[in-house]
Amino acid sequence: MRRGVLILGLVTVFAGLTALFALGRVWADNAAAPVDYTKILPADLVKNTPKGKLTNPYKDTQADVVAQGGQFLLSYSCSGCHGGGGGGGMCPALTNDIWVYGGDDDTLFRLVTLGSDELQKQGYTRIGRENVVGPMPPFGTIVKSADDLWKILAFVRSKYTGDPAYKFGTPPDQQ
Ligand code: HEC
């Protein structure tokens with residue numbers, strides 16, 4: 001009789017531990033699940049990500065990524081306003097050290113996705129001194145995936161010609 005209780009107790013403890021372990025795994029998987037940028041619209045990524053948390057998975061030293069980004073800049077007709085190399089046409093140059101709202105990945109991704117008007121509604125203000133000709137239109141559902149937009153932004157970074165210290169915006173100690 002006492003042996004029976006003991007075995008039952010052990011089985012219960014074992015089952016409990018197994019369940020806990022499985023739960024822990026599910027939780028860890030969810031927490032660590034990376035976003036598949038190829039499957040999400042820029043608009044949805046912006047919606048789902050807290051301000052300041054967007055970072056480009058690509059580097060502007062990845063030649064293949066940069067080449068694709070340059071193609072997208074043309075095919076999504078960013079070039080119509082910014083010039084094919086991002087050097088500025090009738091709109092701000094993307095290559096200099098003057099950033100209208102800030103030069104970090106998060107701000108640039110949100111600006112292109114939401115456009116100037118919506119970005120300003122969310123509390124951003126123009127800090128750069130660049131000539132303003134009008135608002136940047138929202139591209140959050142026109143650019144087909146966040147991955148495409150990250151590649152465009154990698155291309156933009158690769159064309160940067162300004163002071164290296166300002167490549168990602170005004171350095172914190174100068175703000
Ligand atoms: C209709 C013209 C137009 C098109 C098309 C356009 N932009 Fe813009 N873009 C602007 C304007 C105007 C601004 C400045 C916005 C402001 O001052 O609020 C801007 C600002 C920017 C900036 C910030 C520049 C800085 O110096 O801070 C980036 C980056 C940018 N655009 C990228 C893109 C990308 C990528 C695309 C294509 C997906 C694109 N733009 C398409 C007009 C355009």
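1. Two residues are in contact here if their C-beta atoms, placed from the backbone, lie within 7 Å. With that in hand, a good place to start is Y58, which touches V65, W150, K151 and A154, leaving aside residues up to four places away in sequence. Please keep in mind while reading that this is a predicted model.

2. Where does Y58 sit? It is found in the loop between α2 (42–48) and α3. Y58 counts as buried because it has 22 C-beta neighbours inside 10 Å, and the cut-off for a buried residue is 20 or more. Its link to A154 spans a good stretch of chain: the two residues are 96 apart in sequence, yet their C-alpha atoms are separated by 6.4 Å.

3. Now for the overall build. The protein has six helices and zero strands, so to speak of its order along the sequence is to write α-α-α-α-α-α. Of its 175 residues, 27% are buried. Among contacts with a separation of 6 or more, 75% join residues 24 or more positions apart.

4. Next, have a look at how α3 and α6 meet. The axes of α3 (residues 63–75) and α6 come within 7 Å and cross at roughly 105°. That angle makes α3 roughly perpendicular to α6, because crossings of 65 to 115 degrees are classed that way.

5. Which residues build this meeting of helices? On the α3 side they are V65, V66, Q68, G69, G70, F72 and L73, and on the α6 side D148, K151, I152, A154, F155 and S158. By class, the residues of this contact divide into seven nonpolar, four polar and two charged. You will recognise V65 from α3 and K151 and A154 from α6, since Y58 touches V65, K151 and A154 as well.

6. The ligand deserves its own point. There are 29 residues around it, and those that come nearest are C78, C81, V100, S116 and M136. In terms of class, this shell holds 21 nonpolar, six polar and two charged residues.

7. Which helices supply at least two residues each to the shell around the ligand? They are α4 (79–82), α5 (105–121) and α6 (146–158). The helix that gives the most is α5, with four residues. For α6, this comes alongside its contact with α3, so a walk along α6 (146–158) in your viewer takes in both the ligand shell and the α3 contact.

Methods
Residues numbered from 1 in each chain as written. Predicted model: local features only at pLDDT ≥ 70, side-chain atom pairs only at ≥ 80, totals over all residues. Near = placed C-beta within 6 Å. Nonpolar A, V, L, I, M, F, W, Y, C, P; charged D, E, K, R; others polar. Axes fitted to C-alpha atoms, helices over the stretch in contact; angles between N-to-C directions. Parallel < 35°, antiparallel > 145°, perpendicular 65-115°, else oblique. Buried ≥ 20, exposed ≤ 12 C-beta atoms within 10 Å, placed from the backbone.
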